[in-house]
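Please walk me through this protein model in plain terms, starting with how its helices are arranged and ending with individual residues.

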Amino acid sequence: CMFATIGMVWPDLFGKFDGYLSPSQNLKFADVPSGIAAISKVPLEGWLQILLVAGLIETQLFKDQSFGGFGYAKYGEPGNFGTGYWGRKIQDPAERKLKLTTELNNGRLAMIAMTA
């Protein structure tokens, strides 16, 4: 949702990319409207490519050990890759809880922004 919020705001503030989104369908980036209306304009193959790349990044590049549920997590929870906060481990439980709550709230705010 955070990326989606940026994707909704970016074209209105900075413009759209030149060139073709789908050369085979003669669809230019400029032809795609902003917001929810863009979903129906992007070809199905484009959405499949986005999902495939996101899935590969999540499971292969980041090596998310939580894939498949909580029981498979190497570090005890989904999204915890064992790298810590900006490369350092958070030892204080209160600070860790604050950082995780802040991140959850940022995600929730992005979801609300997407519905607006």
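**Helix packing and selected residues**

In this predicted model, α1 and α4 are oblique to each other. The axes of these two helices cross at roughly 40° and come within 8 Å. That angle counts as oblique because roughly parallel is reserved for angles under 35 degrees and roughly perpendicular for 65 to 115. The crossing of α1 and α4 is left-handed.

The two helices belong to a chain with four helices and two strands. Read from the N terminus, the order of elements is α-β-β-α-α-α. Helix α1 covers residues 2-14, and helix α4 covers residues 93-115. The chain has 116 residues, of which 13% are buried.

One of the residues in helix α4 is Ala110. With a relative accessible area of 8%, Ala110 is buried, because the term applies to values under 20%. Ala110 also takes part in a contact between distant parts of the sequence: its C-alpha lies 6.4 Å from that of Thr5, although 105 residues separate Ala110 and Thr5 along the chain.

Helix α1 also contains Val9 and Trp10. Val9 has a relative accessible area of 40% and is partly exposed. Trp10 is likewise partly exposed, at 41%. Both values fall in the partly exposed class because that class runs between the limits for buried, under 20%, and exposed, over 50%. For Val9 there is a further distance to note: its C-alpha is 8.2 Å from the C-alpha of Ser34, and the two residues are 25 positions apart in sequence.

Val9 and Trp10 are both members of a nonpolar surface patch. The other residues that form this patch are Phe3, Ile6, Leu13, Phe14 and Phe17. Together the residues of the patch have about 860 Å² of accessible area. Val9 and Trp10 can be counted in such a patch because its members need over 30% relative accessible area, and the two residues stand at 40% and 41%.

The last stop is the loop between β1 (20-22) and β2 (27-28), where Asn26 is found. What is the phi of Asn26 near? The angle is near 55°, a positive value in a residue that is not glycine. Most residues other than glycine have a negative phi. Asn26 is also exposed, with a relative accessible area of 53%, because the cut-off for exposed is over 50%.

Definitions and conventions: Residues numbered from 1 in each chain as written. Predicted model: local features only at pLDDT ≥ 70, side-chain atom pairs only at ≥ 80, totals over all residues. Heavy atoms only, no water. Patch = residues over 30% accessible without salt bridge, like charges linked within 9 Å, V, L, I, M, F, W, Y side chains within 5 Å. Areas by Shrake-Rupley, 256 points an atom, 1.4 Å probe, with all protein chains shown as cover. Salt bridge = Lys/Arg side-chain N within 4 Å of Asp/Glu carboxyl O. Buried < 20%, exposed > 50% of the residue type's maximum accessible area, 1.4 Å probe, protein only. Axes fitted to C-alpha atoms, helices over the stretch in contact; angles between N-to-C directions. Parallel < 35°, antiparallel > 145°, perpendicular 65-115°, else oblique. Left-handed = near helix turned anticlockwise from the far one by under 90°.
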